[in-house]
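Thanks for coming. I will take a few minutes to walk through one structure, starting from a single residue and working outwards.

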Amino acid sequence: MDLQNIGRGARPDARLHRRVEHAVQVGVVPARCKRGLHHLHGDRYTASITDGELRVSCAACFAEPNPDHSWVLTFDGPAPDRLVLDDAPYARAEPHFVQRPVSAR
Ligand SMILES: [Zn+2]
């Protein structure tokens, strides 16, 4: 248990993958929500950026509500101007769950 972070927001799940396309900073975020249950295209997620941290919240998980609705991705430098969805860079990410995923019955 990571006592330091209780009540202070979640630990980062991964580094934000990013690239530059035509001088535009593009952040690559996972196409599936942190719990792996929902696709995040269209209006099914909200993104918020605070100091060096991008949070990608799944609308469906947020509505449950489930404490693990957000990916927390850290980055250095300027905030991305635009986001694209792509699971590939995050295939090896190991998200930190507040709530242990419940195994299927
Ligand atoms: Zn979800």
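Start with Pro 65, which sits in the loop between α1 (59–63) and β6. The peptide bond that leads into Pro 65 from Glu 64 is cis, and its omega is near -5 degrees.

Before going on, two remarks on how to read this. Residue numbers count from 1 along each chain as its sequence is written. This is a predicted model, in which local features need pLDDT of at least 70, side-chain atom pairs count only at pLDDT 80 or more, and totals for chains, interfaces and linings use all residues.

Now the overall layout. The protein chain has one helix and seven strands. Helices (H or I, at least four residues) and strands (E, at least two) are DSSP runs, numbered from the N terminus. Along the sequence the pattern is β-β-β-β-β-α-β-β.

The strands form sheets, and I will take a sheet of four strands to begin with. This sheet is open, its order is β1-β6-β5-β4, and its pairing is mixed. Pairing here requires that DSSP finds at least two bridges between two strands. At the edges are β1 (14–15) and β4 (45–50), each of which pairs on one side only. Between β1 and β6 the pairing is parallel, over two bridges. In that pairing, Arg 15 stands opposite Thr 74 in β6. β5 and β6, by contrast, pair in the antiparallel sense, with five bridges. Leu 54 is opposite Leu 73 of β6.

Next, a sheet of three strands. It is also open, with the order β2-β3-β7 and mixed pairing. Its edge strands are β2 and β7 (82–85), and each pairs on one side only. On average, neighbouring strands of this sheet are turned by 35 degrees against each other, direction ignored. That angle is taken between axes, which are lines fitted to C-alpha atoms, for helices over the stretch in contact; angles run from 0 to 180 degrees between N-to-C directions. β3 and β7 run parallel and are joined by four bridges. Gly 27 stands opposite Leu 83 in β7.

Which loop holds His 22? It is the loop between β2 (17–21) and β3 (24–29). Ala 23 is in the loop between β2 and β3 as well. His 22 has a positive phi of about 50 degrees, although it is not a glycine. For Ala 23, phi is near 65 degrees, again a positive value in a residue other than glycine.

Are these two buried or exposed? The cut-offs are these: a residue is buried if 20 or more other C-beta atoms lie within 10 Å of its own, exposed if 12 or fewer, and partly exposed in between, with C-beta atoms placed from the backbone. His 22 is exposed because it has 5 other C-beta atoms within 10 Å. Ala 23 has 6 C-beta neighbours inside 10 Å, so it counts as exposed too.

Over the whole protein chain of 105 residues, 23% count as buried. What makes up the largest nonpolar core? It has 11 residues in all: Leu 16, Val 29, Cys 33, Leu 40, Tyr 45, Leu 54, Val 56, Cys 58, Cys 61, Trp 71 and Leu 73. β5 and β6 (70–74) each supply at least two residues of this core. The largest share, three residues, comes from β5. A nonpolar core means a set of buried Ala, Val, Leu, Ile, Met, Phe, Trp, Tyr and Cys residues joined through C-beta atoms within 7 Å. In soluble globular proteins, nonpolar side chains tend to be buried together.

Now contacts, where two residues count if their C-beta atoms, placed from the backbone, lie within 7 Å. Setting aside neighbours within four places in sequence, Leu 54 is in contact with Leu 16, Gly 27, Ala 47, Ile 49, Leu 73 and Phe 75.

Ser 57 is in strand β5 (residues 53–58). Ser 57 is partly exposed because 19 other C-beta atoms lie within 10 Å. Leaving out neighbours within four places in sequence, its contacts are Tyr 45, Thr 46, Phe 62, His 69 and Ser 70. Ser 57 and Thr 46 are 11 residues apart in sequence and 5.2 Å apart in space, C-alpha to C-alpha.

To end on the chain as a whole: among contacts between residues at least 6 apart in sequence, 59% join residues at least 24 apart.
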